[in-house]
Amino acid sequence: MTGATVGVDLDARAYELDRAHVFHSWSAQASLDPMVLAGGRGCRVWDHAGREYLDFASQMVNVNIGHQHPVVTAAIAEQAARLTTIGPAVANLQRGEAAARITERAPDGMNKVFFTNGGADAVENAIRMARLHTGRDKVLSAYRSYHGNTGAAVVATGDWRRMPNEYARGHVHYFGPYLYRSEFWAQTPEQESERALRHLERVVQAEGPQTVAAILVESVPGTAGILVPPPGYLAGVRAIADRYGIVLILDEVMCGFGRTGRWFAFDGYGVTPDLIAFAKGVNSGYVPVGGVVISDAIAATFDDRVFPGGLTYSGHPLAAASIVAALDTMAAEGIVDNAERIGRTVIGPALDKLAAEHPIVGEVRGEGVFWAIELVADQATREPVDAATIARIKAGLAARGVLVFGADNRIHFVPPCVVAEAEVAEAVAALSEVLANPLEIR
């Protein structure tokens with residue numbers, strides 16, 4: 001603390017500066033009331049006054065290794081002391097090591113990484129690669145999806161954020177599987193998978209397969225509802241792509257690097273993509289970074305042809321150092337295994353019990369440390385609760401020291417991969433208390 005801040009209410013000062021000068025994303029600015037956070041460790045964060053919260057939002061569902069892991073922060077500091085930045089055209093040891101760590105975990109035949117600044121421009125560049133590789137234009141993506149806030153990525157997005165931003169060309173949307181609110185009158189996961197695949201193939205046929213460059217899929221859609229794919233779905237999408245010579249891009253920005261209890265979410269579904277977009281969990285957001293893992297066939301397209309894309313901070317040394325430290329530490333400490341185990345044996349059973357006890361819960365779904373609790377006003381009709389109810393629930397949880405990610409009529413229960421059983425129990429107890437009387441939250 002400097003002499004200038006002695007005696008200052010730092011929470012009040014942070015709030016004042018934010019409201020005076022910070023323009024927030026996806027928000028009407030006048031009504032904002034942001035929480036102040038000053039520090040964190042593991043699964044907990046706190047403000048300047050020491051008020052502490054369990055971070056079961058993992059901020060933006062990205063702090064997979066937990067806050068302030070000392071190995072990762074030390075690696076960033078060591079790299080900063082050695083070389084803080086360098087241009088993308090040169091070779092750098094940390095950049096190469098980071099790419100090697102990522103491709104080690106990717107499927108065979110995927111040996112190159114194009115680094116970006118985050119998930120949106122990872123998707124952006126994956127789309128560009130697919131179009132240039134195929135010579136085709138159209139990109140198919142789901143209505144229930146979020147792919148980022150750059151030009152093509154936001155138009156590939158299916159939710160409302162696409163609509164004010166539809167300036168990119170060549171985007172077509174389809175309905176993906178979502179059995180709880182099936183678009184296909186399905187009664188079983190198998191029916192949902194079969195009918196969703198039939199629908200997707202008909203969209204490809206109706207658009208003209210010769211015009212479709214890529215099918216872009218979140219391996220497990222995140223912001224759209226943590227929609228775990230039904231049996232055979234992702235493999236079926238791969239088969240459709242192969243049948244028509246279409247590039248399959250899997251968006252692993254939110255679901256990758258431990259979130260589902262696997263290094264890549266698609267590892268559990270018997271599918272190999274052509275391109276993988278990643279960000280978030282690769283270094284838990286400690287330094288902004290993302291990228292595209294590229295199949296050898298697509299990489300070869302640009303052996304003698306210029307790839308018309310680049311970023312000043314592609315493979316930034318601080319980001320690369322954080323990736324190496326994060327992935328090595330996650331492997332050494334069994335953090336991905338912890339996410340799988342705690343999801344299967346602790347979080348899943350606890351949320352199933354919660355659903356049985358509270359009529360407001362329509363469905364619980366997820367895997368690893370990636371769970372959604374869908375809330376309904378009526379279980380029979382599945383009418384979603386309104387936004388005001390979700391806001392009250394989030395506020396009630398925050399008052400009890402638990403932060404969660406809210407989207408539409410859902411609470412997303414998405415702690416860091418390092419979460420302990422006792423922390424899950426603490427969060428579930430708070431959630432149960434709030435859901436018992438959602439209209440009378442204090």
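**A mixed sheet, unpaired cysteines and a surface patch**

In strand β8, Asp251 serves as the bridge partner of Glu218. This pairing belongs to a predicted model, and a good way into the structure is to follow the two strands involved. Strand β7 (residues 212-218) and strand β8 (residues 247-251) run parallel and are joined by 5 bridges. Both strands are part of an open sheet of 7 strands, in the order β4-β10-β9-β8-β7-β5-β6, and the pairing within the sheet is mixed. At the edges stand β4 (110-116) and β6 (171-174); each has a single partner strand, so one side of each has no neighbour in the sheet. From one strand to the next, the twist averages 20 degrees.

The cysteines come next. A disulfide is a covalent bond between the sulfur atoms of two cysteines. The structure holds 0 disulfides, and the distances help to show why for Cys255: the closest cysteine sulfur, in Cys417, is 12 Å from its own sulfur, too far for a bond. The cut-off for a disulfide is a pair of sulfur atoms within 2.5 Å. Cys417 is in no disulfide either, and the cysteine sulfur nearest to Cys417 is that of Cys43, 9.2 Å away. Cys255 is buried, with a relative accessible area of 1%, and Cys417 also counts as buried, at 0% relative accessibility.

Finally, the surface offers a nonpolar patch formed by Trp26, Trp160 and Met163, which together have about 370 Å² of accessible area. Of these residues, Trp26 lies in the loop between α1 (10-21) and β1 (39-41). Trp26 counts as partly exposed because its relative accessibility is 38%, and the partly exposed class lies between under 20% for buried and over 50% for exposed.

Definitions and conventions: Residues are numbered from 1 along each chain as its sequence is written. This is a predicted model: local features need pLDDT of at least 70, side-chain atom pairs count only at pLDDT 80 or more; totals for chains, interfaces and linings use all residues. Side-chain values use heavy atoms; hydrogens and water are left out. Patches are made of residues with over 30% relative accessible area and no salt bridge: like charges are joined within 9 Å, nonpolar side chains (Val, Leu, Ile, Met, Phe, Trp, Tyr) within 5 Å. Accessible areas come from the Shrake-Rupley method with a 1.4 Å probe; for residues, only the protein chains shown count as cover. A salt bridge is a side-chain nitrogen of Lys or Arg within 4 Å of a carboxyl oxygen of Asp or Glu. Helices (H or I, at least four residues) and strands (E, at least two) are DSSP runs, numbered from the N terminus. Buried means under 20% relative accessible area, exposed over 50%, partly exposed in between (1.4 Å probe, protein chains only). Two strands pair if DSSP finds at least two bridges between them. Axes are lines fitted to C-alpha atoms, for helices over the stretch in contact, and angles run from 0 to 180 degrees between N-to-C directions.
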